[in-house]
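This report describes selected features of a protein model for a reader who is new to structural analysis. Please view the sequence and the structure below before reading on.

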There are 2 protein chains.
Amino acid sequence: MRLAELSERSGLPAATIKYYLREQLLSPGRRITATQAEYGDDHLRRLRLVRALIQVGKMPVATARQVLAAVEDESLDQNARLGAAVWALPQGQKPVEDDPATAVARREVELLMRRLDWKECLDAGEEAPAWGTLVVAVSALVRLGYPCDADDLAPYARAAAQLAVTDLDLVEGFHTPLEQVEAAVALTVLYEPVLLSLRRLAEAEESNRRFGTGD
Amino acid sequence: MRLAELSERSGLPAATIKYYLREQLLSPGRRITATQAEYGDDHLRRLRLVRALIQVGKMPVATARQVLAAVEDESLDQNARLGAAVWALPQGQKPVEDDPATAVARREVELLMRRLDWKECLDAGEEAPAWGTLVVAVSALVRLGYPCDADDLAPYARAAAQLAVTDLDLVEGFHTPLEQVEAAVALTVLYEPVLLSLRRLAEAEESNRRFGTGD
């Protein structure tokens, strides 16, 4: 298809697509004349992922480029590729401070991971960006004196394990290995606001169950 | 305690506390001389919540003030107060567009809520800010053609219901009704990055379980 059709089918203005091409978020089409190129379904699919990262995930272009590079890295096996692509997603800050609260958080997170026997995570430790984000989040709880030891965190981790099964079920619904990696990245990002808003709605239900007057 | 002690015990510079006082995020101390005021444990606790909202939750001061007003509203019963305070937390955008994707998302969210029989949420509908956020998040999935009908969303909702039980268990560990409302707000905000980073770690485990080479 030509650029005009790619624009129509993706719902993106041609100018936006040209910008993504210049920024190397989308590979060039197959040149057919000096001024025209031909695009395929892979371009359409890639645009969908770029929109998920940039328009919904609010990622800077440079970060999205890194994520896409990980998605495309065919030198890795499927597990490593999925892992690398999700790990390339932007995270909260890394634990920089070396204060007592961070030390406590590091200990509780490690204890939690050992109890759950999350081997992949234990192998990577703070090399896994999400481990660092978790330490920062837990150290904020420590600093403010809210409950956050390994026992408090365990039910959240069990819910996360269950969510990951659902996530990977959705991913396995896609056919090719590349589509699966793309879906893993997109669904990780796109389902975050779904999950957080469902949690707030569920809190309202649970609060009513416990404290409601029944009217 | 005097301002100096409040500063030391809260870990916040005196200048920051004075700023929060000026911005009415913290109620004034009891005046004891023309230049000195006395602060209590309630001030210390309130500072902890303000830090959770502003420093960790990155909320604008005006938004934090609205949340705190809801926390303090003693005209409501405990359930309404918990609900109002959590609802006052900032959310993603509201669904503004009236496009086909938003219409599909509205339908699927309503179908999901009916199936789950989440009565509080069904009563409020899009009046509940999290309902609007959910519609926006789902409409992004619809627009990009990713799976997001009521069946796809149901396992996320079930996990959210389980998380809400854990959240409210933590909240009920606090003693007074005011402390519980404060904790509900703080824990809703502070556990969001905990949950999202645990999900990414759990995805790595699950992906390894399914696609790993076992080495």
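In this report, two residues are in contact when heavy atoms of theirs lie within 4.5 Å. The model is a predicted one.

**Two packed helices in chain B**

Two packed helices are described by the angle between their axes and the distance between the axes. In chain B, the axes of helix H6 (residues 100–116) and helix H8 (residues 129–144) come within 8 Å and cross at roughly 125°. This angle makes H6(B) oblique to H8(B). The crossing of H6(B) past H8(B) is right-handed. On the H6(B) side, the residues that meet H8(B) are B:Ala101, B:Thr102, B:Val104, B:Ala105, B:Arg106, B:Val109, B:Glu110 and B:Met113. Their partners in H8(B) are B:Trp131, B:Leu134, B:Val135, B:Val138, B:Ser139, B:Val142 and B:Arg143.

**A helix with a buried side**

Helix H1 of chain B spans residues 3–10, and its buried residues are B:Leu3, B:Leu6, B:Ser7 and B:Ser10. They cover an arc of only 100° around the axis, which puts them on the same side of H1(B). An α-helix has 3.6 residues a turn, so residues three or four places apart point the same way. On the other side of H1(B), B:Ala4 and B:Glu8 are exposed.

What covers the buried residues of H1(B)? The cover includes helix H2 (14–22), strand S2 (37–38) and helix H3 (41–56) of chain B. After H1(B) comes B:Gly11, which has a positive phi near 75°.

**Positive phi values in loops**

Most residues other than glycine have a negative phi, and most peptide bonds are trans. The table presents two residues of chain B that are not glycine and have a positive phi.

| Residue | Phi | Loop in chain B | Relative accessibility |
|---|---|---|---|
| B:Gln24 | about 60° | between H2 and strand S1 (30–31) | 60%, exposed |
| B:Asp117 | near 55° | between H6 and helix H7 (119–124) | 41%, partly exposed |

**Chain A as a whole**

Chain A contains 10 helices and 2 strands. Read from the N terminus, its elements follow the order α-α-β-β-α-α-α-α-α-α-α-α. Along the principal axes, the C-alpha atoms of chain A fill a box of roughly 65 × 50 × 30 Å. Of the 215 residues in chain A, 53% are buried. Among contacts in chain A with a separation of 6 or more, 60% join residues 24 or more positions apart.

An unreviewed UniProt entry places the feature "domain: HTH merR-type" at residues 1–70 of chain A. This span is 61% helix and 6% strand, and its end C-alpha atoms lie 27 Å apart.

**One residue of chain A in detail**

A:Ile54 belongs to helix H3 (residues 41–56) of chain A. Is A:Ile54 buried or exposed? Its relative accessibility is 16%, so A:Ile54 counts as buried, the cut-off for a buried residue being under 20%. Apart from neighbours within four places in sequence, A:Ile54 is in contact with A:Tyr20, A:Leu25, A:Met59, A:Val61 and A:Ala64. Another residue, A:Ala103, is 49 residues from A:Ile54 along the chain, and the C-alpha atoms of the two are separated by 34 Å.

Terms used
Residues are numbered from 1 along each chain as its sequence is written. Chains are lettered from A and ligands numbered from 1 in the order in which they are written. This is a predicted model: local features need pLDDT of at least 70, side-chain atom pairs count only at pLDDT 80 or more; totals for chains, interfaces and linings use all residues. Side-chain values use heavy atoms; hydrogens and water are left out. UniProt positions are given in the numbering used here, feature names are shortened, and annotations may be inferred rather than shown by experiment. Helices (H or I, at least four residues) and strands (E, at least two) are DSSP runs, numbered from the N terminus. Buried means under 20% relative accessible area, exposed over 50%, partly exposed in between (1.4 Å probe, protein chains only). The arc is that of the directions from the helix axis to the C-beta atoms. Axes are lines fitted to C-alpha atoms, for helices over the stretch in contact, and angles run from 0 to 180 degrees between N-to-C directions. Angles under 35 degrees count as roughly parallel, over 145 as roughly antiparallel, 65 to 115 as roughly perpendicular and the rest as oblique. A crossing is left-handed if the near helix is turned anticlockwise from the far one by less than a right angle, and right-handed if clockwise.
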